[in-house]
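Thank you for sending this entry over for a look. The notes below are meant for someone opening it for the first time, and they go point by point.

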Amino acid sequence: EVLEAPLLYSMSSLQRLFCVQPMRLRCYKVALERLGYAASHQHAVADGLKTDAPNEVIFDMLRAQAGDAVQKLTANPRRRNDRIHLAKVLTEKTCQTAPEDFNFEVAPLTEEARPVA
């Protein structure tokens, strides 16, 4: 746990808000660490991500993950509702962090790092 990180995010709530597919917390953690921010899981909240990254970076990360998915959802008249409209508004905002700066790829464990059975 990162003790100096002041912000705690419920990632499943944010994923629903931005209409993005669920992603493992580890992927978000790795992406934030690659940008130079501290990040860790929070033991008290199952989907909690504790970080020192500002809100703008977290929201930009979710915008990058959303990509064109929200635009496709809003194009379908049967899927229009308030939640999708909110996601569209959130994802249309200009990103402060370039979407290509986010790398969600988690490197596979090396043989030395694998837990012993």
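**Notes on the structure**

1. Just after α2, the residue G36 takes a positive phi of about 95°. This value, like everything that follows, comes from a predicted model, and it should be read as such.

2. For general orientation, the protein contains five helices and three strands, and their order along the sequence follows the pattern β-α-α-β-β-α-α-α. Of its 117 residues, 34% count as buried, while the accessible surface comes to about 7500 Å², with 52% of that belonging to carbon and sulfur atoms.

3. Among contacts between residues at least 6 apart in sequence, 68% join residues at least 24 apart. Two of the points below, on L49 and on F102, look at contacts of individual residues.

4. The largest nonpolar core has 18 residues, and those touching the most other members are M11, Y28, L32, L49, I58, M61 and L62. Two or more residues of this core come from each of α1 (11-18), α2 (25-34) and α3 (55-66), and α3 gives the most, with five residues. As general background, nonpolar side chains in soluble globular proteins tend to be buried together.

5. Which residues does L49 touch, once those up to four places away in sequence are not counted? The list consists of L7, L8, Y9, M11, L25, Y28, K29, L32, A39 and S40, and among these M11, Y28 and L32 are, as L49 itself is, counted with the core residues that touch the most other members.

6. In α2, the buried residues are L25, C27, Y28, V30, A31 and L32, and what covers them includes α1, β2 (39-41), β3 (48-51) and α3. The reader may wish to display these elements together with α2 when checking this point.

7. Is F102, which is found in the segment after α5 (82-92), buried or exposed? F102 counts as buried because its relative accessibility is 7%, which is under the 20% cut-off that defines the term. Leaving aside neighbours within four places in sequence, F102 is in contact with L35, V57, D60, M61, A64 and T97. One of these partners, V57, lies 45 residues away from F102 in sequence, yet the two are 9.8 Å apart in space, C-alpha to C-alpha. Another partner, M61, is in contact with F102 and is also among the residues that touch the most other members of the largest nonpolar core.

Conventions
Residues are numbered from 1 along each chain as its sequence is written. This is a predicted model: local features need pLDDT of at least 70, side-chain atom pairs count only at pLDDT 80 or more; totals for chains, interfaces and linings use all residues. Side-chain values use heavy atoms; hydrogens and water are left out. A nonpolar core is a set of buried Ala, Val, Leu, Ile, Met, Phe, Trp, Tyr and Cys residues joined through side-chain atoms within 4.5 Å. Buried means under 20% relative accessible area, exposed over 50%, partly exposed in between (1.4 Å probe, protein chains only). Helices (H or I, at least four residues) and strands (E, at least two) are DSSP runs, numbered from the N terminus. Contact means heavy atoms within 4.5 Å. Accessible areas come from the Shrake-Rupley method with a 1.4 Å probe; for residues, only the protein chains shown count as cover.
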